[in-house]
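Please walk through the two chains below, beginning with how far the model can be trusted and moving on to how the parts pack.

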Amino acid sequence: MTTKISFRGVSKTFALKDTDFLALDRVDLDIADQEFVTVVGPSGCGKSTLMSMAAGLVEPGDGEILLDGAPVAGPGPDRGVIFQQYALFPWLTVRKNVEFGLDLAPIPAEERRERAQRAIDLVGLTDFADALPKTLSGGMKQRCAIARAYAVNPKVLLMDEPFGALDALTRVQLQDQLLDTWSQERRTVMFITHDVDEAVYLANRVVVMAARPGRVHRGIDVDLPYPRTEEMRLSPEFARIRNEVWHSVYHQAPAA
Amino acid sequence: MTALSVTQRPGDPPAPRRRRAKRPARGIVLNVVAVAAGLAAWTGLSASGIQGLTGPVDVAVRGAELIADGTLTADLLASLRRVFTGFALGTALAVPVGFLMGWYATARALIEPYVQFFRTIPPLAIIPLAILLMGIGETPKVFVIFLAAFLSSVVATFQGVMDVDKTLINAARVLGASDRVIFLKVVVPASTPFIIVGMRVGLGAAWGTLVAAELIAAQEGLGYRMQQAQLYYDLPTIFVGLISIGVLGLLMDRLLQLAERRLTGWQERR
């Protein structure tokens with residue numbers, strides 16, 4: 001498979017009061033087209049920074065990030081971003097939120113409506129298309145944000161702990177819905193999380209990061225077929241991979 | 001009850017509906033009771049013979065006279081015209097300046113010292129200067145009101161722009177929005193609640209400056225009328241003036257509140 005997005009020797013240093021903090025140290029990571037990669041790691045490992053750089057919201061200090069071989073320079077609609085805090089525009093209805101990105105592209109009004117509707121149907125918000133965000137639950141808000149990202153037809157979906165603020169039950173439901181949406185319209189996904197179960201359940205490959213300095217620790221392939229099911233969640237194979245990921249997240253050898 | 005709230009869907013109306021419907025009615029009854037009690041206390045005080053204090057009946061009679069001969073209407077219109085001109089000019093300038101200050105660090109650094117400095121001077125203290133520079137016509141009166149309204153709303157607007165959630169700006173940016181689009185479609189709507197609060201404060205300030213501004217050789221207006229009444233020991237007229245100012249201020253604030261609910265109903269209230 002071809003490489004969709006690749007990090008080449010990416011480093012980032014943040015200036016603190018009296019010292020410099022090396023947030024990311026020469027990160028190399030390739031994500032293939034249509035691959036679903038989850039990134040887990042202890043807090044402070046720079047996983048969110050890595051994603052923000054792919055989104056073009058933060059500039060790498062060193063190295064470069066390539067999207068289809070071309071360096072990323074600033075944000076753009078070819079990369080859809082989903083934030084943990086939903087980031088819906090509270091004054092716009094679900095439909096208007098989803099249309100926000102479409103309004104910015106030269107798309108005829110009719111097609112815009114159709115695409116927005118399709119994205120809303122895709123995440124199951126059809127009955128709430130004209131509701132304001134304040135009337136939605138957290139899970140519905142995040143589904144709306146996913147629809148908004150999908151509507152502009154991005155090549156890559158970047159998700160920064162999107163289900164982190166949700167309760168456990170809603171989180172599991174949204175994981176299934178996300179996989180459902182993803183299998184209907186395949187995209188390359190880079191999904192940041194601190195939840196090991198979530199990381200294994202969703203991904204083709206789990207990338208484990210280490211902290212101080214932030215770096216890629218190892219990649220673990222998840223050889224479970226899609227669609228993922230509840231039985232799979234309870235299977236010995238899942239448990240084995242989960243243990244492996246858990247072990248590499250929580251029992252890392254200190255940095256050399 | 002717990003089971004009910006779990007199955008409740010987000011779009012449904014909140015459960016304790018009946019209590020909500022009853023509350024406003026009860027509130028209004030209490031409001032009326034409070035006003036009636038106040039009037040009774042006032043009547044009692046004036047009857048007990050505090051020197052020169054007139055009762056509500058005298059004030060009402062005087063009010064009717066002033067309405068009948070057209071004085072009150074003319075005064076109201078003159079005062080309202082001043083307040084509205086000053087307030088409209090003040091907020092019309094405050095909103096763009098506030099946006100400029102909130103959006104561009106350079107503009108903020110250039111303008112903020114002036115805003116903060118003039119904010120510490122009560123607008124009334126500007127009156128002597130305004131008279132000397134602008135004479136005794138309408139200009140100094142409107143100017144002082146303008147200044148009061150401007151200074152109150154400019155700070156609110158620029159604070160509102162500064163406080164726009166960075167995640168919303170990032171969300172727009174990753175969808176491909178340019179700076180111009182982000183400003184028009186994210187920053188402006190997101191700071192509307194602050195702007196309206198600023199306008200309410202500005203209106204209060206404008207109204208508060210009015211009477212003092214009308215002490216500058218005015219020929220009509222509520223402040224002028226009360227000043228005249230003071231010279232002739234005409235307490236009922238003073239009360240009519242005070243009550244008119246209070247009622248009008250309340251009405252205007254309610255009007256802005258209505259606009260606020262209309263424009264910012266999308267806000268999540270906790």
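Among the elements of chain A, strand S3 (residues 36-40) of chain A has the highest mean pLDDT, 96, and helix H5 (residues 168-184) of chain A the lowest, 90. Here pLDDT is the predictor's confidence in each residue, from 0 to 100, and helices (H or I, at least four residues) and strands (E, at least two) are DSSP runs, numbered from the N terminus. This is a predicted model, in which local features need pLDDT of at least 70 and side-chain atom pairs count only at pLDDT 80 or more, while totals for chains, interfaces and linings use all residues. Residues are numbered from 1 along each chain as its sequence is written, and chains are lettered from A and ligands numbered from 1 in the order in which they are written.

Chain A averages a pLDDT of 91, and 98% of its residues score at least 70. For chain B the mean pLDDT is 85, with 90% of the residues at 70 or more. Among the elements of chain B, H8(B) has the highest mean pLDDT, 93, and helix H1 (residues 2-7) of chain B the lowest, 41. Over residues 1-19 of chain B the pLDDT is below 50, and this stretch has 9 contacts in the model beyond near neighbours in sequence. A contact means that the C-beta atoms of two residues, placed from the backbone, lie within 7 Å. Where pLDDT is low, the predicted coordinates should not be read in detail. The model as a whole scores ipTM 0.88 and pTM 0.79.

Turn now to the sheet of chain A. Six strands form an open sheet with mixed pairing, in the order S6-S7-S8-S3-S9-S10 (chain A); two strands pair if DSSP finds at least two bridges between them. Strand S6 (79-82) and strand S10 (215-221) of chain A stand at the edges with a single partner strand each, so one side of each has no neighbour in the sheet. From one strand to the next the twist averages 20°. At the S6(A) edge, S6(A) pairs with strand S7 (residues 156-160) of chain A in the parallel sense over 4 bridges, and Arg79(A) stands opposite Val156(A) in S7(A).

Some loops of chain A have backbone features to check. In the loop between S6 and helix H2 (94-103) of chain A lies Ala87(A), whose phi is near 55°, a positive value in a residue other than glycine. The loop between strand S9 (205-210) and S10 of chain A holds Pro213(A), and the peptide bond from Arg212(A) to Pro213(A) is cis, with omega near -5°. Pro227(A) is in the loop between S10 and helix H7 (230-233) of chain A; a cis peptide bond with omega about -5° joins Tyr226(A) to Pro227(A).

Next, a helix pair in chain A. Helix H3 (residues 109-122) of chain A and helix H4 (residues 138-151) of chain A pack at an angle of about 140°, with their axes 8 Å apart. Axes are lines fitted to C-alpha atoms, for helices over the stretch in contact, and angles run from 0 to 180 degrees between N-to-C directions. H3(A) and H4(A) are therefore oblique to each other, given that angles under 35 degrees count as roughly parallel, over 145 as roughly antiparallel, 65 to 115 as roughly perpendicular and the rest as oblique. In H3(A), Arg115(A), Ala116(A), Ala119(A), Ile120(A) and Leu122(A) meet Ala147(A), Tyr150(A) and Ala151(A) in H4(A). By class, this contact has 7 nonpolar, no polar and 1 charged residues; Ala, Val, Leu, Ile, Met, Phe, Trp, Tyr, Cys and Pro count as nonpolar, Asp, Glu, Lys and Arg as charged, and the others, Gly among them, as polar.

In chain B, the axes of helix H10 (residues 222-231) of chain B and helix H11 (residues 235-263) of chain B come within 8 Å and cross at roughly 160°, and the two helices are therefore roughly antiparallel. Leu222(B), Arg225(B), Met226(B), Ala229(B) and Gln230(B) in H10(B) meet Thr237(B), Ile238(B), Gly241(B), Ser244(B) and Ile245(B) in H11(B).

Finally, the chains meet through 17 residues from chain B and 26 residues from chain A. On the chain B side, helix H8 (166-174) and helix H9 (179-213) of chain B are the elements that give two or more residues, and H8(B) supplies the largest share, 6 residues.
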